[in-house]
Protein chains: 2
Amino acid sequence: MTVSVLCGGVGAARLLAGLVRAVPPTEVVAVVNTADDMVLHGLAISPDLDTVVYTVAGAIDPERGWGLRDESWQAMATLERYGGATWFGLGDRDLGTHLYRTQRIAEGAPLSTVSGEIARAWGLQLAVLPVTDDPVRTRLTLADADGSPGEEVAFQDYFVARRHEVPVASVRFAGAETASPAPGVLAALATADTVIVAPSNPIVSIGPVLAVPGIREAVAARRDSVVAVSPIVGGRALKGPADRLLRELGHDDSVAGVARLYAPFAGTLVIDHADAEHADAVRAAGLRCVVTDTIMRDPDAASALCKVVLGQ
Amino acid sequence: MTVSVLCGGVGAARLLAGLVRAVPPTEVVAVVNTADDMVLHGLAISPDLDTVVYTVAGAIDPERGWGLRDESWQAMATLERYGGATWFGLGDRDLGTHLYRTQRIAEGAPLSTVSGEIARAWGLQLAVLPVTDDPVRTRLTLADADGSPGEEVAFQDYFVARRHEVPVASVRFAGAETASPAPGVLAALATADTVIVAPSNPIVSIGPVLAVPGIREAVAARRDSVVAVSPIVGGRALKGPADRLLRELGHDDSVAGVARLYAPFAGTLVIDHADAEHADAVRAAGLRCVVTDTIMRDPDAASALCKVVLGQ
């Protein structure tokens, strides 16, 4: 049983932590969003790749949901002394990952190679692949008070600095048109027994993965074997601005909205019991609908969810 | 009494820590070597500038002589997990300085501006100026076993990674020809009541400062007011490879050798009692010679030395 997973950050990472308990980890390929990546303080930072690796390795900070557990913040304290930009927290342990990635990329190593090195150093056996080695960056045009398009900002400016509390008029993925899938990504999607769309933000996590030329087509070609897990539970995003973004960009912020968005490339949508009333609307969108417990309280719960997903 | 000081790292930093006790700090301008600077892990690292600031601020690690006291090494531990380059130690607190400098330079701020910001953040009142805002980099050609020129390496590769234990055939300062003095440097040298040449390595610390076009001429124009402190004490470098480099590059590794090297631009050489026997040789090179205690055990000793220097 080989499985490829389209991944954003936290939700995907939790699903993967369960998946590697449900199937042999060597049979799992994570295809991870890179459109949240940025260069800050000169360092190449890949938040979703790191969240996936740290989570599957059991090293993620459980309270924050990002970065490493048992973290210290000495570098940030010095940066604060200078009045430097501390809005994006970089723990001391975590900094070592960014130093390594930055140096390797400066040496000419592709991000996919470096991501594999980092995953192996944490003892992981699954493949952790960026969707592309080319720079793709999410840019959000904020909505002015009257709803008209305003300032365009980078993803982390929206997500972290503005705490995703500002209305969005539109989203684009700069660089996507000319990006190519990273080595191994298309083959993994073509040969997997099941392709899972992780319960990540449909707009800014799954969206940019699908925007890399060839990915959406490769997934759609496997539509019958593609199982998406809804990031909307009980009508809301468990974490982050998925519901809000869906609404602001003209979609229905329910599992039915997700179903209509995913219908062209996914054959099945797994939704939570809390959304069971919308199962018919999901089916009306042309997807099989599976109702189960989708809340991944711990890796065991995630593993149970994965077994349901893989049973489809 | 205004004082400008040509500076390398540790020796210069200790002298400055004494100087700001001997004269008002606002009257002191440190003109600091940048040819040891490098980009590592994507970060802009300026070892001599940081050693000067940390030392004068009383924040330097007293045992290592570089980096910050009460330092932790979490980032390096993570980097080691990946098999990354850990030969150049970057403490967690220290990393904040490099993050800040890198970000500011990426924003377009000149190194001199950033160095001033960093110095002020540590509460320093003296001016800490890089000799130039342009990239100047020391390159050393190592000597093969038969003495012929071999591989050319960067400064930190020689100094840290190879622990300055390998013979050197020649030294050059890449980029120096096209570099310009940083804003304020030439004015400080022209107007200072005294110009001090700190007890830094004549070849790889003072050498690249003088190699920036206009600096050697500006110092030579003030020759009668230029007082150098010998980095050679008791016939040897107190720290680092100054004696060895002098010898390998065909100079005399004594205070007399330093005197002959500095004679074109310095009117006075201050030497230690341990080298008193060479005072006549210093005078024969055309410099006044002052014999005193030059070992800066603490800022008070450094301050006493500075009072002797400024008395000349």
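I will go through the two chains of this model, starting with the pair, then the sheets, then the domains of chain A. Note that the model is predicted.

First, the relation between the chains. Chain B can be superposed on chain A with an RMSD of 0.0 Å, by a turn of 180° and a shift of 0.0 Å along the axis. The two copies are therefore related as by a two-fold rotation axis. Both copies use the same surface, since 100% of the contact residues of chain B recur in chain A.

Now the interface itself. In numbers, 28 residues of chain B are in contact with 28 residues of chain A. On the side of chain B that touches chain A, the elements giving two or more residues are β4 (43-45), α3 (74-81), α4 (92-106) and α5 (111-121) of chain B. Which of these gives the largest share? That is α4(B), with ten residues. By class, the side of chain B that touches chain A has 14 nonpolar, ten polar and four charged residues.

Next, the sheet in chain A. It is an open sheet of seven strands, with parallel pairing, in the order β5-β2-β1-β9-β10-β13-β14. At its edges stand β5 (127-130) and β14 (288-292) of chain A. Each has a single partner strand, so one side of each is left without a neighbour in the sheet. From one strand to the next, the twist averages 20°.

To look at one edge of that sheet: strand β2 (residues 28-32) of chain A runs parallel to β5(A), and four bridges join the two. If you want a pair to find on the screen, take A:Val29, which stands opposite A:Ala127 in β5(A). As a reminder, strands of a sheet pair through backbone hydrogen bonds, either parallel or antiparallel.

Chain B, then. Its open sheet also has seven strands, ordered β5-β2-β1-β9-β10-β13-β14, and the pairing is parallel. The edge strands here are β5 (127-130) and β14 of chain B, each of which pairs on one side only. The twist averages 20° from one strand to the next.

At the β5 edge of chain B, four bridges join strand β2 (residues 28-32) to β5(B), and the two run parallel. B:Val29 has B:Ala127 as its bridge partner in β5(B). A helix packs on this sheet: α1 (residues 10-22) of chain B touches β1 (3-7), β2 and β10 (226-229) of chain B. The direction of α1(B) makes about 165° with that of β1(B).

At the β14 edge of chain B, strand β13 (residues 268-272) and strand β14 (residues 288-292) pair in the parallel sense over five bridges. One residue pair there is B:Asp272, which stands opposite B:Thr292 in β14(B). What handedness does the unit of β13(B), helix α12 (residues 279-284) of chain B and β14(B) have? This β-α-β unit is right-handed.

Last, the domains of chain A. The domain assignment gives domain 1 as 3-134 + 178-310, and domain 2 as 137-177. Their C-alpha centres lie 20 Å apart. How many residues of domain 1 of chain A are in contact with domain 2 of chain A? There are 18 residues of domain 1, in contact with 15 residues of domain 2. On the side of domain 1 that touches domain 2, the elements giving two or more residues are α8 (202-211) and α10 (242-248) of chain A. The largest share of that side, four residues, comes from α8(A). Divided by class, the side of domain 1 of chain A that touches domain 2 of chain A has 13 nonpolar, two polar and three charged residues.

One more strand pair in chain A. Strand β6 (residues 137-143) and strand β7 (residues 149-154) of chain A run antiparallel, joined by four bridges. A:Arg139 stands opposite A:Ala154 in β7(A). The two strands form a hairpin, with five residues between them. In the turn, A:Gly147 has a positive phi of about 90°.

Methods
Residues are numbered from 1 along each chain as its sequence is written. Chains are lettered from A and ligands numbered from 1 in the order in which they are written. This is a predicted model: local features need pLDDT of at least 70, side-chain atom pairs count only at pLDDT 80 or more; totals for chains, interfaces and linings use all residues. Domain bounds come from an automatic or database domain assignment. Two residues are in contact if their C-beta atoms, placed from the backbone, lie within 7 Å. Ala, Val, Leu, Ile, Met, Phe, Trp, Tyr, Cys and Pro count as nonpolar, Asp, Glu, Lys and Arg as charged, and the others, Gly among them, as polar. Two strands pair if DSSP finds at least two bridges between them. A crossover is right-handed if, with the strands pointing away from the viewer, the path from the first strand over the helix to the second runs clockwise. Copies are superposed by least squares on the C-alpha atoms of residues with pLDDT of at least 70 in both. Axes are lines fitted to C-alpha atoms, for helices over the stretch in contact, and angles run from 0 to 180 degrees between N-to-C directions.
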